[in-house]
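Hi,

Here's the structure I said I'd pass along. Have a look at it first, and then read on for what turned up when I went through it.

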Amino acid sequence: MSSWFIFNSLGFYPSAGQDIYLIGTPSYPEAEIKLSSGKSLHIVARNLDSEHINRYIQSATLNGAPLTNAWFRHRQIEQGGTLVFIMGSAPTNWGKSVPPPSMSDAVSPLCAATNP
C-alpha cells in the first residue's frame, strides 16, 4: 500500500494487471521520478495550493501534448518526460469523455477468448 500512496500523491497510480495509470489529484506542486533508464519523469501541478482549494484537474499535458483522458499508458512515460496538471477550484468535464480500458471490454484479449 505504501507504493500506491506514493504514486497517488504524485497524481497518478498504476491499475493492477494493466499497462495503464489512472490520474487523481496530486499532493505536491512538483516532483521528479528517476527511471531505471537514467531518464526522469517530471510532474508539475500548476496552481496547486496548500489549502487544497485547487484540487480539481482542469487540463493536463504529457510531453507538451494535450492529455484529454484521466488515464495514460506506461509506454507514454517509460522514456521519461513531463506531465503537467493545471489545477482549479471547481470540477470540470476534463477526463470524462473516454473511460480507461477495462479487462471486461469486449476487445480485451483476455475476455475475447471467453466469447465464442
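To start with the strands: how many bridges join S3 to S4, and do the two run parallel or antiparallel? There are five bridges, and S3 and S4 run antiparallel. One place to see the pairing is lysine 34, which sits opposite serine 40 in S4.

Before you go further, keep in mind that this is a predicted model. The average pLDDT for the protein is 90, with 91% of the residues scoring at least 70. The stretch to watch is residues 111-116, where the pLDDT is below 50. Leaving aside near neighbours in sequence, that stretch makes four contacts in the model. Where pLDDT is low, the predicted coordinates should not be read in detail.

**The sheet**

S3 and S4 belong to an open sheet of five strands, in the order S3-S4-S8-S5-S6, and the pairing is mixed. The edges are taken by S3 (30-34) and S6, each of which has a single partner strand, so one side of each lacks a neighbour in the sheet.

Going across from S4, the next pairing is with S8: six bridges, and here the strands run parallel. Valine 44 has valine 84 in S8 as its bridge partner.

On to S5 (residues 56-62), which pairs with S8 (residues 81-88) in the antiparallel sense, again over six bridges. Two of the partnerships to look up are tyrosine 56 with glycine 88 and isoleucine 57 with methionine 87.

Then comes S6 (residues 65-66), which is antiparallel to S5 and joined to it by two bridges. Leucine 62 has alanine 65 in S6 as its bridge partner. S5 and S6 form a hairpin with two residues between the strands, and asparagine 63 takes a positive phi there, near 55 degrees. If you're checking backbone torsions, that's the residue to pull up in this hairpin.

**The core**

The largest nonpolar core is made of 19 residues. Phe12, Ile23, Phe72, Leu83 and Phe85 are the ones with the most contacts inside it. As for where the core residues come from, S2, S4 (40-46), S5 and S8 each supply at least two.

Isoleucine 23 is a good one to click on. Not counting residues up to four places away in sequence, its contacts include Phe12, Ile57, Leu67, Trp71, Phe72, Phe85 and Trp94.

**The rings**

There are six aromatic pairs in the structure. In one of them, phenylalanine 7 and phenylalanine 12 meet edge-to-face, with 5.8 Å centre to centre and 65 degrees between the planes. Phenylalanine 12 also pairs with tyrosine 21: the ring centres are 5.5 Å apart and the planes are at 85 degrees, so this pair is edge-to-face too.

How do these rings sit with respect to solvent? Phenylalanine 12 has 0% relative accessibility and so counts as buried, and tyrosine 21 is buried as well. Phenylalanine 7, at 25%, counts as partly exposed. Ring pairs link Phe7, Phe12, Tyr21 and Phe72 into a cluster. Two members of that cluster, Phe12 and Phe72, are also among the residues with the most contacts inside the core.

**The salt bridges**

The count here is two. The first is between arginine 73 and aspartate 19, with the closest N and O atoms 2.6 Å apart. Arginine 73 lies in S7 (residues 71-73) and aspartate 19 in the loop between S1 (12-14) and S2 (20-23), so the pair ties together parts that are 54 residues apart in sequence. Arginine 73 is partly exposed at 22% relative accessibility, and so is aspartate 19 at 36%.

The second pairs arginine 75 with the same aspartate 19, and the closest N and O atoms are 3.9 Å apart. Since the cut-off is 4 Å, that distance is within it. Arginine 75 is in the loop between S7 and S8, so this contact ties aspartate 19 to a part 56 residues away in sequence. Arginine 75 itself is exposed, with a relative accessible area of 55%. Because they share a partner, the salt bridges join Asp19, Arg73 and Arg75 into one network.

Shout if you'd like to go through any of this together.

Cheers

Definitions and conventions: Residues numbered from 1 in each chain as written. Predicted model: local features only at pLDDT ≥ 70, side-chain atom pairs only at ≥ 80, totals over all residues. Heavy atoms only, no water. Phe/Tyr/Trp six-rings, centres within 6.5 Å; stacked < 30°, edge-to-face > 60°. Buried < 20%, exposed > 50% of the residue type's maximum accessible area, 1.4 Å probe, protein only. Pairing = 2+ DSSP bridges. Helix = DSSP H or I, 4+ residues; strand = E, 2+ residues; numbered from the N terminus. Salt bridge = Lys/Arg side-chain N within 4 Å of Asp/Glu carboxyl O. Core = buried A, V, L, I, M, F, W, Y, C linked by side-chain atoms within 4.5 Å. Contact = heavy atoms within 4.5 Å. pLDDT = per-residue confidence, 0-100.
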